[in-house]
Amino acid sequence: MLTTISIIAVTCLISFLGFNNAQLIDKLIFWPPAVKRGQYYRFLSHALIHADGAHLLFNMITLYFFGRLLEGFYEQVLGPFGFALFYAGAVVVAILPSYFANKDNPAYRSLGASGGVSAVLFAFILLSPWSRIYVWFVPMPAILYAVAYVAYSIYMERQGRDNVNHSAHLWGGAYGVAFTLLAEPRVFSAFLQQLTNPRF
């Protein structure tokens, strides 16, 4: 679980520095005009900063609990850097739709690791759909949470009334499922088998 801890440590360090450094946030935040000028590092760097402590805490707790369970799987399938590759790819893919939708919008900005964290969460659900997870201390089967989460994110994305990048959540989750199936196709049959044998 060294990779998971390393990602959390780096993200927490840079996020804490950013809380009191507006210039650092400006350099790392996802801002389409800067990307168009060649600052492609922002596809990754936006995941290292967060809006506030609660935003950071929620993402890092989720990453810790599910990332440490998945890290061994990806390293077994893809090698020692498998989980790092998976996570970095998730961060980039999750923000791409937002980039294409806002590439000419100088007012658009996005930050946070939610796209990558969503990928980790949904990959875990694919591997263990009936695991018990807790949502605000309420236990529920992981697969039911996934359905509710997708429905909620789609609804909120269409409403567009908050400052949350629900698109990144959805695309991050989709990436988590797709990447895992491409890396190890046998996961699909195992998922179907588990799905037909509920245990909660």
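This report walks through the confidence, the nonpolar core, the aromatic rings, a pocket and one loop residue of a predicted model.

## How confident is the prediction?

Let's start with trust. The protein chain has an average pLDDT of 94, and 100% of its residues reach at least 70. Confidence still varies from element to element: strand 1, at residues 132–135, has the lowest mean pLDDT, 85, while helix 4, at residues 42–45, has the highest, 98. As a rule of reading, predicted coordinates should not be taken in detail where pLDDT is low.

## The nonpolar core

Nonpolar side chains tend to be buried together in soluble globular proteins. Here, the largest nonpolar core contains 37 residues. Look for Leu 63, Tyr 74, Phe 83, Phe 86, Val 120 and Ile 125, which have the most contacts inside this core.

Which helices each supply at least two residues of this core? They are helix 1, helix 5 (53–78), helix 6, helix 7 (114–127), helix 8 (142–159), helix 9 (166–183) and helix 10 (186–195). Helix 7 contributes the most, with nine residues.

## Aromatic rings

Now for the rings. Across the whole structure, a search turns up 17 aromatic pairs. One of them joins Phe 73 and Tyr 74: their ring centres are 5.1 Å apart and their planes meet at 80°, so this pair is edge-to-face. Both residues, Phe 73 and Tyr 74, are buried.

The two also belong to a cluster. Ring pairs connect Phe 73 and Tyr 74 with Phe 83, Phe 86, Tyr 175 and Phe 179. Tyr 74, Phe 83 and Phe 86 may look familiar, as they are among the residues with the most contacts inside the largest nonpolar core.

## The second largest pocket

Rolling a probe the size of a water molecule over the atoms reveals where empty space remains. The second largest pocket holds about 160 Å³ of space. Residues lining this pocket include Leu 2, Thr 3, Ser 6, Leu 44, Tyr 87 and Val 91.

Helix 1 (2–19) and helix 6 (82–102) each provide at least two of the lining residues, and helix 1 gives the most, with five. What is the chemical character of the lining of this pocket? Nine of the residues are nonpolar, three are polar and none is charged.

## A residue in a loop

Finally, find Asp 162 in the loop between helix 8 and helix 9. Asp 162 is partly exposed, having a relative accessible area of 29%. Ala 22 lies 140 residues from Asp 162 along the chain, and the C-alpha atoms of the two are separated by 22 Å.

Notes. Residues are numbered from 1 along each chain as its sequence is written. Side-chain values use heavy atoms; hydrogens and water are left out. Rings of Phe, Tyr and Trp (its six-membered ring) pair if their centres lie within 6.5 Å; planes under 30 degrees apart count as stacked, over 60 as edge-to-face and the rest as tilted. Buried means under 20% relative accessible area, exposed over 50%, partly exposed in between (1.4 Å probe, protein chains only). pLDDT is the predictor's confidence in each residue, from 0 to 100. Helices (H or I, at least four residues) and strands (E, at least two) are DSSP runs, numbered from the N terminus. On a 1 Å grid over the protein atoms alone, a cavity is a set of points where a 1.4 Å probe fits but cannot get out, and a pocket is an open set with protein on both sides within 12 Å along at least five of seven lines; lining residues have an atom within 4 Å of a point. Grid points are joined across faces, edges and corners, and a volume is the space filled by probe spheres set on the points. Ala, Val, Leu, Ile, Met, Phe, Trp, Tyr, Cys and Pro count as nonpolar, Asp, Glu, Lys and Arg as charged, and the others, Gly among them, as polar. A nonpolar core is a set of buried Ala, Val, Leu, Ile, Met, Phe, Trp, Tyr and Cys residues joined through side-chain atoms within 4.5 Å.
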